[in-house]
Amino acid sequence: MTAPMTATRSHGREAAQALAAEMSKLASLPGTWLTLGGTLVVNLILAIAFTIAGLQGSTGTRSAVDIGLASIGYAQAGFVVLGVLTACSEHVGGQIRTTLTAMPRRALQFTAKHLALAMVVFPAAAITAASGVVLTAGVLGDTAAPVTSGRVAGALGGVTAYLALTSLISAAVGALVRRTLAAVVVLLGYFFIAGPLLRDHTAVAKYLPDGAGFAMWFPAADDASAVTPAQGALLLTAWTVALIVFVLIGYRRWDM
Amino acid sequence: MRALAAEASKLASLPAVWIAMAAGVLVPSVIAAITASSTRSTVTRGAATVAGADAGYQELAFGVVGAIILGVVAISSEYFTESAESGGGRQITTSLTAVPSRLRFLLAKISAVAIACAVLAIIASGTTMGVVHVVLGEHAPAMGVDDVPRLGGVVCYWVYTALLAFGITVLTRHAVIPLAVLIANTSVVTVTYLLTKITPLANYLPDMAGVRMFVRRLPDDTVEISPLTGGLVMTAWVAVLLVIAAVAFTRRDA
């Protein structure tokens, strides 16, 4: 009688397979593409609306970058939803038990899921942000205020990183809450209601994830105490990593 | 009547409805506490003499997020598919077996949502106004007879918003999209407000018209709409949307 073949994988191969599995799940979720496509379309419609407002002179600026990115504040809702869907689709119908049977190392699986999400949202965020700016620049044409290419690249990079990190934060919160509806309500309530109001009334709010993230791309007030884009990026990354680690610690211990 | 009782019982047993209730009461009162305390410090520094007439009412316009959640989950919970392990069923099939007339089912549900939301709005306005008066003390704007129709306007606005959310969710049969769109539009600077910058017609969108029932001064107001007209415009929107929802709901497979 021969002993059963125990195929041992190297850690690198295990990680690569986990990433491929998570990528395949994310890509085969119709919600992923519907959310990203819907966000792109809504963002373009809003960008057109802002551009028309800009042509009428009610935005106070003629910069194609500022007007083209103004719609991102609303389009981020799509990236929040995508992050939540990625995490919570596992908990609809018990797919999580299959996932964890196939990938028993939870830390590896959790990391692979967030990595796969990052690989999808970074290009998507870049396309969303750039399309809005290109559209605005095209419509404004010669009437646009001149901007340096460094400013354009900085703003686009900031927006892309902001949207991707927001999506990762949303996925972590989704994994914590495990219910799509509750996670969407909590996150959108924070990003659209609590966050903006706190920014208006308290000074520490600029260090919170949304305040720090806005500093990465939003033209900040000329204020010595304002968060610079680099500091904002660092703060938001720190928030994201801290949140993912915090949820991961819980995720390894919970029953599923 | 029994259909209404059944719908009320379903609403009361949904945890998400209680979350909506908590959000509806806490969001406006906490925001009111923050803004009122900053107003108070301005007043005591002598920068302003009295708080604006919209103290409390502005905050109640944000608290409508509770009404949105209530309207959305009331119907999206019917379409929520159970996991395959527990049969993969949906509550809507049971509901329509118990109440086969689709119109009666929908009317009962609409009534239950409207009643629950009216109760929520009354509690939330009471709490928010209480917070404003406690924090501002003697600087608070005096409550008089003309606040009665304004508070009635708040209740109206909340109920209508819940019904709008409800009507959209009947059509989408999924909670995430209406929640995302409607909550994003409750933001400090709403999409509909930005649209008014482009065309004055946007002032007649449901939320822009509806808030005029109780908010007296909107920033950069270009069009004068009386509270009554605002209310009627919003009523028309809600009526049209609910009729579309009812037609779709009675004619398609559940």
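Here are four exercises with worked solutions on the two chains shown above.

The structure is a predicted model, in which local features need pLDDT of at least 70, side-chain atom pairs count only at pLDDT 80 or more, and totals for chains, interfaces and linings use all residues. Residues are numbered from 1 along each chain as its sequence is written, while chains are lettered from A and ligands numbered from 1 in the order in which they are written.

**Exercise 1. Find out which elements build each chain.**

Step 1. Look for helices (DSSP runs of H or I, at least four residues) and strands (runs of E, at least two), numbering them from the N terminus.

Step 2. In chain A you should find ten helices and zero strands.

Step 3. Chain B has eleven helices, again with zero strands.

**Exercise 2. Describe the overall form of chain B, then the box and burial of chain A.**

Step 1. Take the radius of gyration over C-alpha atoms, and the globule rule as 2.2 Å times the number of residues to the power 0.38. For the 254 residues of chain B the rule gives 18 Å and the radius of gyration is 20 Å, close to that value, so chain B is as compact as a globular protein of that length.

Step 2. Fit boxes along the principal axes: the C-alpha atoms of chain B fill roughly 65 × 35 × 30 Å, and those of chain A roughly 85 × 35 × 30 Å.

Step 3. Count burial, where a residue is buried if 20 or more other C-beta atoms, placed from the backbone, lie within 10 Å of its own, exposed if 12 or fewer, and partly exposed in between. Of the 256 residues of chain A, 45% are buried; in chain B, buried residues make up 46% of 254.

**Exercise 3. Work out which elements of chain A touch chain B.**

Step 1. Call two residues in contact if their C-beta atoms, placed from the backbone, lie within 7 Å. By that test, 21 residues of chain A are in contact with 28 residues of chain B.

Step 2. Sort the chain A side by element: α2 (30–55), α4 (72–88) and α8 each give two or more residues. The most come from α8(A), with eleven residues.

Step 3. Sort by class, with Ala, Val, Leu, Ile, Met, Phe, Trp, Tyr, Cys and Pro as nonpolar, Asp, Glu, Lys and Arg as charged, and the others, Gly among them, as polar. The chain A side then has 15 nonpolar, six polar and no charged residues.

**Exercise 4. Describe how α8(A) packs against α8(B) and α2(B).**

Step 1. Fit axes as lines to C-alpha atoms over the stretch in contact, with angles from 0 to 180 degrees between N-to-C directions. Helix α8 of chain A (residues 180–201) and helix α8 of chain B (residues 176–184) pack at about 15°, their axes 10 Å apart.

Step 2. Angles under 35 degrees count as roughly parallel, over 145 as roughly antiparallel, 65 to 115 as roughly perpendicular and the rest as oblique. The pair α8(A) and α8(B) is therefore roughly parallel.

Step 3. Find the residues that meet: they include V184(A), L188(A) and F192(A) in α8(A), and L179(B) and I183(B) in α8(B). This contact has nine nonpolar, two polar and no charged residues.

Step 4. Turn to α2(B) (residues 15–45), which packs with α8(A) at about 5°, with axes 11 Å apart. These two helices are therefore also roughly parallel to each other.

Step 5. Among the residues that meet here are I193(A) and L197(A) in α8(A), and V27(B) and I31(B) in α2(B). By class, the contact of α8(A) with α2(B) has eight nonpolar, four polar and no charged residues.
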